[in-house]
Amino acid sequence: MSPAENKLSVYHNINLLYILEGSPLRKGSTMTDVKPLQNGYIVVEAGKIKEVGSGNGYLKYQDANFYSLAGKTVVPGFIDSHTHLVFAGSRENEMRRKLQGESYLEILKSGGGILSTVRKTREASFDTLYKEARTTLERMLSFGVTSVEAKSGYGLDLETELKQLEVVAKLKAEGPQTLVSTFMGAHALPGEYHDNRQAYFALLEKALYEIKKRNLASFVDIFCEEGVFSVSESREFLGLAKELGFKLKIHADEMSALGGAALATELKAVSAEHLLASSDEDLQKLASSDTIAVLLPLTSFYLNKPFAKARAMIDYGCAVALASDYNPGSSPSENLQLAMQFAVLKMKMTPEEALTAVTVNAAKASGLEATKGRLMPGMDADFVVLAAPNLDYFFYRFGINLVEEVYIKGKKVK
Ligand code: IZC
Ligand code: ZN
């Protein structure tokens with residue numbers, strides 16, 4: 001390490017510095033309880049936050065490297081807590097079918113949708129998948145995303161599911177972003193098992209043991225949806241995953257109010273994701289649990305569906321996170337900033353709630369709360385400099401990239 005790298009770095013003169021100090025899980029009204037430090041500073045040592053404050057308390061670090069961020073707003077690095085990062089091909093051919101009135105589930109039933117991406121992902125080499133995902137991560141980074149949850153689920157056979165998870169493992173080892181792996185072999189029933197669901201669950205069970213043994217995923221997720229996997233199938237499969245020590249996520253109530261959100265609370269899942277169709281009763285159950293509601297506004301926008309009832313959820317007392325759902329079918333966009341802007345402009349969340357939803361709560365939904373999502377001493381120095389004089393400006397000036405600089409573990413990566 002060169003002497004310069006050994007030195008402390010001080011970022012000072014920050015117009016507004018959002019450190020999001022406090023509890024790692026923000027439920028209900030605590031989501032908007034966010035105050036910035038004015039004229040703030042961050043002191044970084046060996047990739048970690050050493051100190052944050054306002055004014056000139058940083059002057060005691062005389063030998064540090066100093067950087068002025070005058071006029072800027074600084075926030076923790078954004079965490080995208082729901083993505084389908086690794087896949088091959090694209091599905092623009094389905095866009096016209098959707099515009100002509102075919103639904104997402106009808107396209108899936110006809111062998112398209114997820115199953116068309118599965119065919120391409122099975123054929124793709126490790127290198128092809130790796131290169132595509134690398135490009136995606138770089139694009140995410142340009143939008144300020146410093147940590148990413150990545151689901152498998154385009155293999156639906158042991159070999160390809162492992163291939164996807166190994167791609168994530170390689171990307172994770174390389175950095176700069178922190179990646180979190182989720183096994184989602186229960187994303188759809190592959191065609192070859194259409195009259196033998198039990199045999200497919202036997203395969204998934206075998207995959208769980210293999211993935212545990214090789215430490216290739218920390219979470220397990222299932223698409224609990226009409227025409228995909230039922231609540232009772234989800235309960236049984238996730239129950240086994242939990243016994244094996246995996247943390248749980250559920251794709252719940254995306255298209256129909258099947259009861260996935262209630263199941264998530266019953267199983268003490270870390271998160272229930274989508275929740276467009278959940279009943280008010282189930283949302284209230286969610287509010288009385290610590291299961292995080294991960295909402296995906298880009299998907300609602302892209303599928304032309306109503307947005308999730310974020311305002312009601314937060315008013316009931318839920319912890320809400322926001323994510324991109326980046327995938328080739330229902331959210332082909334890496335722009336998490338746009339998801340935040342939709343949350344404010346369309347879902348009646350406050351700017352402070354939307355910020356909490358991609359930092360503190362997103363870290364918790366990804367199992368990263370010990371080191372990410374807040375800029376408190378001892379945590380990783382992952383932060384983003386916004387080309388915005390204040391937080392409201394970030395939501396008002398929508399659809400463009402408002403991230404100017406990105407730091408991961410203290411290192412400037414954009
Ligand atoms: O490839 O369509 N909803 N899974 C559940 C997806 C969307 C991804 C896809
Ligand atoms: Zn998804």
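This report describes the domains, nonpolar cores and salt bridges of a predicted model.

**Domains and their interface**

The domain assignment divides the protein chain into domain 1 (3-76 + 374-412) and domain 2 (79-365). Domain 1 is thus given as two stretches of sequence, 3-76 and 374-412. The C-alpha centres of the two domains are 29 Å apart. Their contact involves 31 residues from domain 1 and 37 residues from domain 2.

The size of an interface is often given as the accessible area lost when the parts come together. Between domain 1 and domain 2 this buried area is about 2,700 Å², and carbon and sulfur atoms contribute 67% of it. Polar contacts are also present: 12 residue pairs across the interface meet the rule, with both residues at pLDDT 80 or more. On the side of domain 1 that touches domain 2, the elements giving two or more residues are β5 (73-76), α16 (391-396) and β15 (403-408). The count of salt bridges between the two domains is one.

**Nonpolar cores**

The largest nonpolar core has 111 residues, and within it F78, F183, F237 and L295 touch the most other members. Helix α13 (residues 336-345) supplies the largest share of this core, seven residues. Both domain 1 (3-76 + 374-412) and domain 2 (79-365) contribute at least three residues each to the core. Another core, of 15 residues, lies apart from the largest one and includes V44, V52, L69 and A381.

The surroundings of F183 can be listed in detail. Leaving aside residues up to four places away in sequence, F183 touches the nonpolar residues L165, L204, A207, L208, I211, A217, F219, V220 and F237, among others. Its contacts also include S152, E161 and D221.

**Salt bridges**

Side chains of opposite charge can pair when their charged atoms come close. The structure holds 28 salt bridges. Three of them are set out below.

| Salt bridge | N to O distance | Separation in sequence |
|---|---|---|
| K27 and D290 | 3.7 Å | 263 residues |
| K48 and D380 | 2.8 Å | 332 residues |
| E192 and R122 | 3.0 Å | 70 residues |

In the pair of K27 and D290, the two residues both lie in loops: D290 between α10 (280-287) and β12 (292-295), and K27 between β1 (9-17) and β2 (37-45). D290 is exposed, with a relative accessible area of 53%. K27 is partly exposed, at 24%.

K48 belongs to strand β3 (residues 48-54), while D380 is in the loop between α15 (360-365) and β14 (383-386), so their salt bridge ties together parts that are distant by 332 residues in sequence. K48 is partly exposed, with a relative accessible area of 33%. D380 has a relative accessible area of 6% and counts as buried because that value is under 20%.

The pair of E192 and R122 also links distant parts of the chain. E192 sits in the loop between β8 (178-186) and α7 (197-213), and R122 in helix α4 (residues 114-123). The relative accessibility of R122 is 28%, which makes R122 partly exposed.

Some salt bridges share partners. Through such sharing, E149, K151, D221, K249 and E273 are joined into one network. Of these, D221 is also among the residues that F183 touches.

Methods:
Residues numbered from 1 in each chain as written. Chains lettered and ligands numbered in written order. Heavy atoms only, no water. Core = buried A, V, L, I, M, F, W, Y, C linked by side-chain atoms within 4.5 Å. Buried < 20%, exposed > 50% of the residue type's maximum accessible area, 1.4 Å probe, protein only. Helix = DSSP H or I, 4+ residues; strand = E, 2+ residues; numbered from the N terminus. Domains from an automatic or database assignment. Contact = heavy atoms within 4.5 Å. Buried area = accessible area lost by both parts, 1.4 Å probe. Salt bridge = Lys/Arg side-chain N within 4 Å of Asp/Glu carboxyl O. Polar contact = N/O pair within 3.5 Å; in protein donor to acceptor, adjacent residues only side chain to side chain.
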